[in-house]
Amino acid sequence: MLSMRTVNFWWVLLHLIILSVEDFREHQLSMPVILELGGTGLVYGWYTGHQPQIGLGLSLLFMGAVTQEKIGYGDGYLMFALGMWLSCSELLQLFLLGIGFLSLYGICTQKKELPMVPFLTAAYLLGGWI
């Protein structure tokens, strides 16, 4: 029988994969997918007593406004939604590892504009195996 943690992992991963494909192809994220992830995470939080982590998502939304969307609003909304599922330390680990992967890839390819979600997805997978 699958544990609740395993089901949650696969649920979040499914959404990250869908959003990764969109971000890679179109450089924008589907708000309905993000809302579904955040909404189900909110229900999960009510059910389990998990405290939502909204600080990082709000920070990215603020940074998106300040940088005229060099950091897209979709990334901020996604981190906000992921905060419904992940603890503060898990969310910060995911973000920092994803940014590390993104930076390394950007340095190696000399590209300045890259989709963030595929690198967050890789970080989430790595975090699930550690």
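A crossing of two helices is left-handed if the near helix is turned anticlockwise from the far one by less than a right angle. Keep that in mind for the first view below, and note throughout that this is a predicted model.

**View 1. Helices α1 and α2 pack against each other in a left-handed crossing.** Start with α1, which spans residues 4-26, and then find α2, which covers residues 31-48. Their axes lie 10 Å apart and make an angle of about 165 degrees. Angles over 145 degrees count as roughly antiparallel, so that is how α1 runs relative to α2.

**View 2. Side chains from α1 and α2 meet where the two helices touch.** On the α1 side, look for Met4, Asn8, Trp11, Val12, His15, Ile18 and Leu19. Their partners on α2 are Val33, Ile34, Glu36, Leu37, Thr40, Tyr44 and Tyr47. Sorted by character, the residues of this contact comprise 10 nonpolar, 3 polar and 1 charged.

**View 3. Ser30 sits in the loop between α1 and α2.** Is Ser30 buried or exposed? Its relative accessible area is 17%, and buried means under 20%, so Ser30 counts as buried. Not counting residues up to four places away in sequence, Ser30 touches Leu19 and Glu22. Leu19 may look familiar, as Leu19 is also one of the α1 residues that meet α2.

**View 4. Glu90 and Arg5 form a salt bridge.** The structure holds 1 salt bridge, and here you can see its two partners, with their closest N and O atoms 3.5 Å apart. Glu90 belongs to helix α5 (residues 88-109) and Arg5 to helix α1, so the pair ties together parts that are 85 residues apart in sequence. How accessible are the two partners? Glu90 is partly exposed, with a relative accessible area of 27%. Arg5, at 62% relative accessibility, counts as exposed.

**View 5. Ile54 lies in the loop between α2 and α3.** The helix that follows this loop, α3, takes in residues 55-66. With 35% relative accessibility, Ile54 is partly exposed. Which residues does Ile54 contact, leaving aside its neighbours within four places in sequence? Look for Phe80 and Met84. To finish, trace from Ile54 to Leu91: the two are 37 residues apart in sequence, while their C-alpha atoms are 9.9 Å apart in space.

Methods:
Residues numbered from 1 in each chain as written. Predicted model: local features only at pLDDT ≥ 70, side-chain atom pairs only at ≥ 80, totals over all residues. Heavy atoms only, no water. Salt bridge = Lys/Arg side-chain N within 4 Å of Asp/Glu carboxyl O. Helix = DSSP H or I, 4+ residues; strand = E, 2+ residues; numbered from the N terminus. Buried < 20%, exposed > 50% of the residue type's maximum accessible area, 1.4 Å probe, protein only. Axes fitted to C-alpha atoms, helices over the stretch in contact; angles between N-to-C directions. Parallel < 35°, antiparallel > 145°, perpendicular 65-115°, else oblique. Contact = heavy atoms within 4.5 Å. Nonpolar A, V, L, I, M, F, W, Y, C, P; charged D, E, K, R; others polar.
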